[in-house]
Amino acid sequence: MDNQIAIAENSLLTYLKCPVCGAIYDASVINTVCTDDACRSTLFAQYNLRTGITKQMLEGRPATMWRYKEFLPVIDEKNIVTLGEGFTPIVPIENLKQFIGDNEVLWKDESGNPTGSFKARGISAAVSKAKELGITAIATPTAGNAGGALAAYAARAGIKAIVYMPKQTPQIFKDECRLYGADLVEIDGNISDCGKLVNEHALLNGWFQVSTLKEPYRLEGKKTMGYEIAEQFNWQLPDVIFYPTGGGTGLIGIWKAFEEMEQLGWIGSKRPRMVAVQSESCNGIVKAFNAGHTVSEFADGGFTIANGLRVPKPYADKVILKVLRESNGAATTISDKEMSAALKEIARNEGMLIAPEGAALWQAFKKLKAAQWVKPGEQVLLINTGSGYKYLENIDQD
Ligand SMILES: *Cc1c(COP(=O)(O)O)cnc(C)c1O
Ligand SMILES: [Zn+2]
C-alpha cells in the first residue's frame, strides 16, 4: 500500500472544457465563457485525474480549501491568495430532535469563513488565478456576500476591486466593501441590473469580471466543499444535501467534485440526492424543475431577507437543473417569514446564528421529511452558507 502513494505537489490543471459543446480552451490565458455564440456556457476546469494519487496525501495538509491544491487551478503556489478559507466544521443538530426522528441531520457550517460566507472559497480561487494571469482590476455584480469577499481578497492581492450591489442590501455588506478599499457602486435594481452595468463598464475600462459562472474559477473554489464533505464523512457521502440556490455555483461545484473524486478512485458511484432551495420571491429553478423544463425563466418577486437567493435568472440554470435531475433531487421554496422563524429556532435551540439562506434549508428539510421525500434513517447535510450576523437589520428579535 505505502509504496503506491503518489504525492502530487502541484496543480494538475490541464485545460478548460465547455460541458455543453465540448470545445477546449487553453487554461494558461484569460478565459470567460465558451466563445461559441450559440453556446456561451460556463467553462469547466479539467485536471489530470489519472495519476494514481491517493487521498493519504491529504494527511498533515493545512485545514483550508488549499489542501486540495492539486485540483485547484493555481500553477505557481506563490500566487495563492488565502485568508484561511474552507475546511469548515460539520455540526450536528443537537437539540431539535423532535423534528428529526431517526434521521441524522448535520450542518456544514460556512459561517466562519473570512468575510462570513462561503463566497470566500470561490473568490479566493478566482482572485488567485487572476493574479497568476496578471489581471489588475476585477469587477463583480453581487447580492452582498460576493462583494465583500472580492473586496477583501483583492485587497490582499493588491488588485483593484469594483463592486456593483443593489441599494436594498443591508448596510453592513456595503460598509465592508468600502472598508476593504473597493469601489462600491449602488444600483437601484436587482443583481441582474447590476450585472448588465458591470458588463458595460468593464468593457469600457478593461476590468476583468467575476460574475457568477461567467468566469471559470469561482466554481473551482466552491467545488472544494464537495472534497471536504467526502473527507469529513470518511469518504461515504450523505444521502441528501440541501443547498440554498442563488447562482448555483456551490451546487454545481459540489457535483463536479464528486465526479472528480470518483475518477480518482476516492469515492464510489453513490451520490447524494441534491435539493435546491430558493426563496418564494425568486423561484425560477423550482418552477422549471417541477415543470420538467431544462431551462428557467426570469423570476423576481422583489425583496427577500435572503439576499444571496435573489438571483432572478441563474446564468447556469441548465446545469443546475441537470444536476438536480441526475441526482434524483428536489427543489422547493421557502418564504421570508419561514426563514426568519427558522433562523430564530436554530439560534435559540442550537446556538448558531445562521444566514437566512441556511435557515431556509432547515425549513425545507422539515417540509420534505413531512412529505416523506426524506426517508427514515437517511443522513442529511444542510449547507449553512453564511453568518447571520450580516443580516440582523432585517431580522426582528421577538
Ligand atoms: C451567494 C450566496 C448563496 C447562493 O450561492 P450560489 O452558489 O450562487 O447559488 C447562498 N447563501 C449565501 C449566504 C450566499 O452569499
Ligand atoms: Zn460551448
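This report describes a zinc site, a pair of packed helices and one buried serine in a predicted model.

**The zinc site**

Four cysteines hold the zinc ion (ligand 2) through their SG atoms: Cys18, Cys21, Cys34 and Cys39, at distances of 2.2 to 2.3 Å. Along the chain, these donors follow the spacing C-x2-C-x12-C-x4-C. The angles between the four donor atoms at the zinc ion (ligand 2) run from 102 to 119°, so the arrangement is tetrahedral. For four tetrahedral donors, the ideal angle at a metal is 109.5 degrees. One of the donors, Cys34, has 0% relative accessibility and therefore counts as buried, since buried means under 20% relative accessible area.

**The helix pair**

Helix α1 and helix α2 pack with their axes 9 Å apart, at an angle of about 40°. This angle makes α1 oblique to α2. The crossing of the two helices, α1 and α2, is right-handed. The table lists each helix with its residue range and the residues that make the contact.

| Helix | Residues | Contact residues |
|---|---|---|
| α1 | residues 119-132 | Lys119, Ala120, Ile123, Ser124, Val127 and Lys131 |
| α2 | residues 145-157 | Asn145, Ala146, Ala149, Leu150, Tyr153, Ala154 and Ala157 |

**A serine in a strand**

Ser279 belongs to strand β11, which covers residues 273-279. Is Ser279 buried or exposed? Ser279 has a relative accessible area of 0%, so Ser279 is buried. Leaving out residues up to four places away in sequence, Ser279 touches Thr304, Leu309, Thr333, Ile334 and Met339.

Key:
Residues are numbered from 1 along each chain as its sequence is written. Chains are lettered from A and ligands numbered from 1 in the order in which they are written. This is a predicted model: local features need pLDDT of at least 70, side-chain atom pairs count only at pLDDT 80 or more; totals for chains, interfaces and linings use all residues. Side-chain values use heavy atoms; hydrogens and water are left out. Donors are N, O and S atoms within 2.8 Å of the metal (3.2 Å for Na, K and Ca); water is not among the atoms, so sites may look incomplete. Four donors count as tetrahedral if all angles lie between 85 and 135 degrees; four count as square planar and six as octahedral if opposite donors are over 155 degrees apart and all others between 65 and 115; anything else is irregular. Buried means under 20% relative accessible area, exposed over 50%, partly exposed in between (1.4 Å probe, protein chains only). Axes are lines fitted to C-alpha atoms, for helices over the stretch in contact, and angles run from 0 to 180 degrees between N-to-C directions. Helices (H or I, at least four residues) and strands (E, at least two) are DSSP runs, numbered from the N terminus. Angles under 35 degrees count as roughly parallel, over 145 as roughly antiparallel, 65 to 115 as roughly perpendicular and the rest as oblique. A crossing is left-handed if the near helix is turned anticlockwise from the far one by less than a right angle, and right-handed if clockwise. Contact means heavy atoms within 4.5 Å.
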